[in-house]
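Student: Could you take a close look at one part of this model for me? I'd like to follow a single helix and whatever packs against it.

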Amino acid sequence: MTTTHPKASDNFAAHTALWALVAVSGVANLVASVAQAPLLVNLATGLVTLAALTALGTRHLRARRTRV
């Protein structure tokens, strides 16, 4: 069974994009909270942040598992 590994540049781009999404959605969530935006806005930005962090964690665990 052969395994194809994505290019390092693809991993770097996805990793950077996910961290950027975490930063932007986290700041948006903070602004929405301070501005007392509707609950739906707070929930949406929080869920986006949570999804991006979950993706980063999943990528980290999978990469760690393949290195061993």
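**A close look at helix α2**

Tutor: Let's start with length: helix α2 covers residues 39–67, and its 29 residues at 1.5 Å each should span 42 Å, which agrees with the 42 Å between its end C-alpha atoms. That expected span is 1.5 Å times one less than the number of residues. Helices here are DSSP runs of H or I, at least four residues, and strands are runs of E, at least two, numbered from the N terminus. Bear in mind that this is a predicted model, where local features need pLDDT of at least 70, side-chain atom pairs count only at pLDDT 80 or more, and totals for chains, interfaces and linings use all residues. Residues are numbered from 1 along each chain as its sequence is written, and side-chain values use heavy atoms, with hydrogens and water left out.

The chain has two helices and zero strands. On α2, the buried residues (under 20% relative accessible area; exposed is over 50%, partly exposed in between, with a 1.4 Å probe and protein chains only) are N42, T45, T49, A52 and L56. In an α-helix there are 3.6 residues a turn, so residues three or four places apart point the same way.

Now for a partner: V22 sits in helix α1, residues 8–34, and counts as buried because its relative accessibility is 12%. Leaving out residues up to four places away in sequence, V22 touches T49, A52, L53 and L56, where contact means heavy atoms within 4.5 Å. V22 and L53 are 31 residues apart in sequence, yet their C-alpha atoms are 6.7 Å apart in space.
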